[in-house]
Amino acid sequence: MNTIAFFDIEIDPNSGKLLDIGSVAGNGSTFHSTSLADFIKFLHGSEYVCGHNIFNHDLKYIQNAINAAGISNNFIDTLFFSPLLFPAKP
């Protein structure tokens, strides 16, 4: 079975510093930290990562960590589902 880790990051808009990473894995385990090294460990075993607006935002900050976890090009960006869910606000 394919496993997905859902994640979101918070970045300081002025400095670009990573302020927080939150994630939930397919097995129900959770992650909440600023440590990229720990995030890499958390992602091991996942085949996909999913988040909102990751192509235009998140990946530029943490794609190296995701790749280091063995996940490459298996990204799901929910931004593209928004018009389907909210057609009055595309």
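In the predicted model, Phe-7, Phe-31, Phe-39 and Phe-42 form one aromatic cluster. A search of the whole structure gives five aromatic pairs. One of them joins Phe-31 and Phe-39, whose ring centres are 5.4 Å apart and whose planes meet at 45°, a tilted arrangement. Both Phe-31 and Phe-39 are buried. Phe-31 also forms a tilted pair with Phe-42, again described by a centre-to-centre distance of 5.4 Å, here with 35° between the planes. This pair links distant parts of the chain: Phe-31 belongs to strand E3 (residues 30-33) and Phe-42 to helix H1, eleven residues apart. Phe-31 has a relative accessibility of 11% and therefore counts as buried. Phe-42 is likewise classed as buried, because its relative accessibility is 16% and the limit for this class is under 20%.

Two members of the aromatic cluster, Phe-7 and Phe-39, also appear in the description of the nonpolar core. The largest nonpolar core has 21 residues, and those touching the most other members are Phe-7, Ile-9, Phe-39, Leu-43, Val-49 and Ile-66. At least two residues of this core come from each of strand E1 (4-11), strand E2 (18-25), helix H1 (36-43) and helix H2 (54-68). Helix H2 gives the most, with five residues. The surroundings of one core residue can be listed in detail. When residues up to four places away in sequence are not counted, Ile-9 touches Leu-18, Asp-20, Ile-21, His-57, Asp-58, Tyr-61 and Ile-62.

Outside the core, the loops contain two asparagine residues with a notable backbone angle. Asn-53 has a positive phi of about 65°, although this residue is not a glycine. Asn-53 is located in the loop between strand E4 (48-51) and helix H2. With a relative accessible area of 25%, Asn-53 is partly exposed, because this class lies between the limits of 20% and 50%. A positive phi of about 65° is also found at Asn-73, which is not a glycine either. The loop that holds Asn-73 runs between helix H2 and strand E5. The relative accessibility of Asn-73 is 65%, so this residue counts as exposed.

Asn-53 is also a contact partner of Leu-79. Leaving aside neighbours within four places in sequence, Leu-79 is in contact with His-52, Asn-53 and Asn-56. Leu-79 lies in the loop between strand E5 (75-77) and helix H3. In sequence, Leu-79 and Ile-54 are 25 residues apart, while their C-alpha atoms are 8.1 Å apart in space. Leu-79 counts as partly exposed because its relative accessibility is 28%.

The surface was examined for nonpolar patches as well. Phe-81, Leu-84, Leu-85 and Phe-86 form such a patch, and together they have about 490 Å² of accessible area. One of these residues, Phe-86, lies in the segment after helix H3 (82-85). Phe-86 has a relative accessible area of 53% and is therefore exposed, since the exposed class is set at over 50%. The phenylalanines of the model thus include both classes: Phe-31 is buried at 11%, whereas Phe-86 is exposed at 53%.

Key. Residues numbered from 1 in each chain as written. Predicted model: local features only at pLDDT ≥ 70, side-chain atom pairs only at ≥ 80, totals over all residues. Heavy atoms only, no water. Patch = residues over 30% accessible without salt bridge, like charges linked within 9 Å, V, L, I, M, F, W, Y side chains within 5 Å. Areas by Shrake-Rupley, 256 points an atom, 1.4 Å probe, with all protein chains shown as cover. Salt bridge = Lys/Arg side-chain N within 4 Å of Asp/Glu carboxyl O. Helix = DSSP H or I, 4+ residues; strand = E, 2+ residues; numbered from the N terminus. Buried < 20%, exposed > 50% of the residue type's maximum accessible area, 1.4 Å probe, protein only. Core = buried A, V, L, I, M, F, W, Y, C linked by side-chain atoms within 4.5 Å. Contact = heavy atoms within 4.5 Å. Phe/Tyr/Trp six-rings, centres within 6.5 Å; stacked < 30°, edge-to-face > 60°.
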